[in-house]
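Subject: Handover of a structure and notes on what was found

Dear colleague,

Please find the structure below, with its sequence. The notes that follow it are intended to be read with the structure open beside them.

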There are 2 protein chains.
Amino acid sequence: MAKPEKIRVSSAALHTLVESMFVKLGACAADAKTIAEVLVWANLRGVDSHGISRIPRYVELFESGEAKVRPNVVVAQPRASIVTIDADGAPGPVAMSRAVREAIATARNAGIAWAAVRGTVHTGAIGYYTSQVAAAGMAGIGIVAGVPNMAYTGARGAAVATSPLSIAVPSSSYGEVVLDMATAVIALGRIAQLRASGTPLPEGAALTAKGEPTTDPNLAEIPLPMAGAKGAGLSLMIELLTGVLVGNPVVSRFHSGSEDGKRHRQNGTIIAIDVEAFMPLAEFKSSVDATLGTLKGLSRAVESAPILFPGERGARVYREREAGGIPIAVGVWQKLGKDAAKLGVPLPDALPPAA
Amino acid sequence: MAKPEKIRVSSAALHTLVESMFVKLGACAADAKTIAEVLVWANLRGVDSHGISRIPRYVELFESGEAKVRPNVVVAQPRASIVTIDADGAPGPVAMSRAVREAIATARNAGIAWAAVRGTVHTGAIGYYTSQVAAAGMAGIGIVAGVPNMAYTGARGAAVATSPLSIAVPSSSYGEVVLDMATAVIALGRIAQLRASGTPLPEGAALTAKGEPTTDPNLAEIPLPMAGAKGAGLSLMIELLTGVLVGNPVVSRFHSGSEDGKRHRQNGTIIAIDVEAFMPLAEFKSSVDATLGTLKGLSRAVESAPILFPGERGARVYREREAGGIPIAVGVWQKLGKDAAKLGVPLPDALPPAA
């Protein structure tokens, strides 16, 4: 099967489009801007599965009432280093960005902060949030859990979520170092991409809806946990630390059989650690540089393949796409166009094809 | 090859042996007791690679000066929720147990605490420390990094450490839920066990000293990271969050070529999150129970194989070994016996063979 046809759109035009659409959907100006920032960031970084292709899903969630376009977000600080954000169904970018701001402000005083978001939807690429913490001169850790879509060792069918973990720290010469990984072998969005291009999955990455191993992208429904019981266990612990801890468990309710238990919802936590509590920020950044430089300078397993630090590839794609535009599959663009037309928002022109 | 011959020793006798040996080595009574507690716990849980078999290595580290039997541990609290423990070469069980106590006490007030240990040696099974946090009614997270012994995606040879991650929470009916995982596919201790029993490694778990893939336990030297770039990246981030953040980087110095850079040392962090900042502890524990009960009650992939939560197998082995004694390979017992004899400590009698 041929690669799907793509157009290219500038990140600025895409940002304006997304912002305009969410304003028309009823979001306040600040929230619309935040959502655009988070979704376009994912496209800029090359994580297209978490970018503008998700907009139609947010629209569905607003329509079904699972998400709220004008949520009543309630922030509380029960302890010096803990902030809770009751998201009231706010879109993930709005709720998680609030968590980032609260975590940074709280960590400046307390040294470390745990900002727990209760009841949001689709958080998008969590590497965005930890990157923001790192850009503020802190170390950031982010975890998110939601509705079960991944296998758990020993169980049949989808049992837990592909709960991602992200860790980011600032450096001096290398920008933000950003690990952003699902607890699955490969994410659902990646399976969708392989399906679109007709590429088989690697062995051991997914099961069919009936729970049989498969490499056929058309039959793959349930991602397997990374590293077997480790990925399954890590996903479960993330559910306990995010959902159960804030009184909004997802796994137990999902499997209860009730209709309400199947509702889309997510909980997430942002941890910020103020580097200045340990040493001057510049010293830390230099030391991160020394570690990355050492690693990148080691003998290569394959001479032509450079050794990369977490987030290095995404940063390179970001620079390329910021300069040359974001490639978007025509199918995604057409689907988005339908939603935009309904809202009376014009789609921006595509960039001319590269020479 | 036949399984190595084993004797069985009661956990109480083993505890007394270890405590006596460390007192004779010069440790203060409290430290000797802590070391015995941590090492025997690993044996009780079935993690024999991190139990009493490590004692000869501690003795070596005392002799080489890499570890100190009477360290000058300095504790500071630069911020309300951050504690630093300068371990001065204290054995891991001493330094990390101190971190657990400080983290729990600090989290009671601040809500969350980050206790960073700088410059310890062999921490042992980090699941012990997070279990202690969970037993105090908090959620615990532990990370440790040390001298490179694992591959990093794209690099030849050992580049980063098998840096473990542990997360534990309390439950009501299931004891502590304890995830304890290396960032490697299989830990070095497990490779040693497979070597001893002549069992081939799984595919994709390790490299030879020259960096070639192998399943031969006699040639396997360098564990591969779990889930490829994910495990490698996670290990690197743990080094940045533990070693670099406390001014004691290990990876960059190890590869610098200096003799000092190869010295054995580890840094570790314990995070405690006070559940009571979010909800009454009893309510949290019930909700954890509901999640575990749900998971364990799902349809099984294989009817005869129960679905396990993280740490469930270890808890079962603990009960069995507490009642029936700890099996110890004769080779390990003889090696330990030599060190004990030098210290003038008698080895306890083995239990009579099971009927």
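I begin with a single residue, B:Asp88, which counts as partly exposed because it has 16 C-beta neighbours inside 10 Å. A residue needs 20 or more such neighbours to be called buried, and 12 or fewer to be called exposed. B:Asp88 lies in the loop that links strand 3 (82-86) to helix 4 (92-110) of chain B. Its phi is near 55°, which is positive although the residue is not glycine. Most residues other than glycine have a negative phi.

Please bear in mind that this is a predicted model. The average pLDDT of chain A is 95, and 98% of its residues score at least 70. For the model, both ipTM and pTM are 0.97.

**Overall form of chain A**

Chain A contains 11 helices and 12 strands. Its C-alpha atoms occupy a box of roughly 55 × 50 × 45 Å along the principal axes. The radius of gyration of chain A is 20 Å, which agrees with the value near 20 Å for a compact globule of 355 residues. Of the 355 residues in chain A, 58% are buried. If one takes the contacts in chain A between residues at least 6 apart in sequence, 67% of them join residues at least 24 apart.

**How the two chains are related**

What movement lays chain A on chain B? A turn of 180° with a shift of 0.0 Å along the axis does so, with an RMSD of 0.0 Å. This is the relation of a two-fold axis. Within chain A, the C-alpha nearest the axis belongs to A:Ala227, at 2.7 Å from it. Both copies use the same surface, since 100% of the contact residues of chain A recur in chain B.

A:Ala227 deserves a further look. It sits in the loop between strand 10 (222-223) and helix 7 of chain A. A:Ala227 counts as buried because it has 24 C-beta neighbours inside 10 Å. The phi of A:Ala227 is near 55°, again a positive value in a residue other than glycine.

**The contact between the chains**

How many residues does each chain give to the contact? Chain A gives 64 residues and chain B gives 64 residues. On the side of chain A that touches chain B, the elements giving two or more residues include strand 2 (74-79), strand 4 (112-120), helix 7 (229-244) and helix 9 (281-296) of chain A. Helix 7 of chain A supplies the largest share of that side, 10 residues. By residue type, the side of chain A that touches chain B consists of 45 nonpolar, 14 polar and five charged residues.

**A covered helix in chain A**

Helix 5 (residues 127-135) of chain A is mostly covered, with eight of its nine residues buried. Among the buried ones are A:Tyr128, A:Tyr129, A:Gln132 and A:Val133. The cover over the buried residues of helix 5 includes helix 2 (29-44), helix 4 (92-110), strand 5 (138-145) and strand 11 (266-274) of chain A. After helix 5 of chain A comes A:Gly137, with a positive phi near 85°.

**Two strand pairings in chain B**

Strand 1 (residues 6-9) and strand 12 of chain B run antiparallel and are joined by four bridges. In this pairing, B:Arg8 has B:Pro327 in strand 12 as its bridge partner. Which residues of strand 12 (residues 326-329) of chain B form its covered face, and which its uncovered one? B:Ile326 and B:Ile328 make up the covered face, whereas B:Pro327 and B:Ala329 make up the uncovered one. In a regular strand the side chains alternate between the two faces of the sheet.

Elsewhere in chain B, three strands form an open antiparallel sheet in the order 9-8-10. Strand 9 (213-214) and strand 10 (222-223) of chain B are its edge strands, each pairing on one side only. Strand 8 (residues 206-207) of chain B is joined to strand 10 of chain B by two bridges, and these strands run antiparallel. Here B:Leu207 stands opposite B:Ile222 of strand 10 in chain B.

Yours sincerely,
A colleague

Key: Residues are numbered from 1 along each chain as its sequence is written. Chains are lettered from A and ligands numbered from 1 in the order in which they are written. This is a predicted model: local features need pLDDT of at least 70, side-chain atom pairs count only at pLDDT 80 or more; totals for chains, interfaces and linings use all residues. Two strands pair if DSSP finds at least two bridges between them. Copies are superposed by least squares on the C-alpha atoms of residues with pLDDT of at least 70 in both. Two residues are in contact if their C-beta atoms, placed from the backbone, lie within 7 Å. Ala, Val, Leu, Ile, Met, Phe, Trp, Tyr, Cys and Pro count as nonpolar, Asp, Glu, Lys and Arg as charged, and the others, Gly among them, as polar. The radius of gyration is taken over C-alpha atoms; the globule rule is 2.2 Å times the number of residues to the power 0.38. pLDDT is the predictor's confidence in each residue, from 0 to 100.
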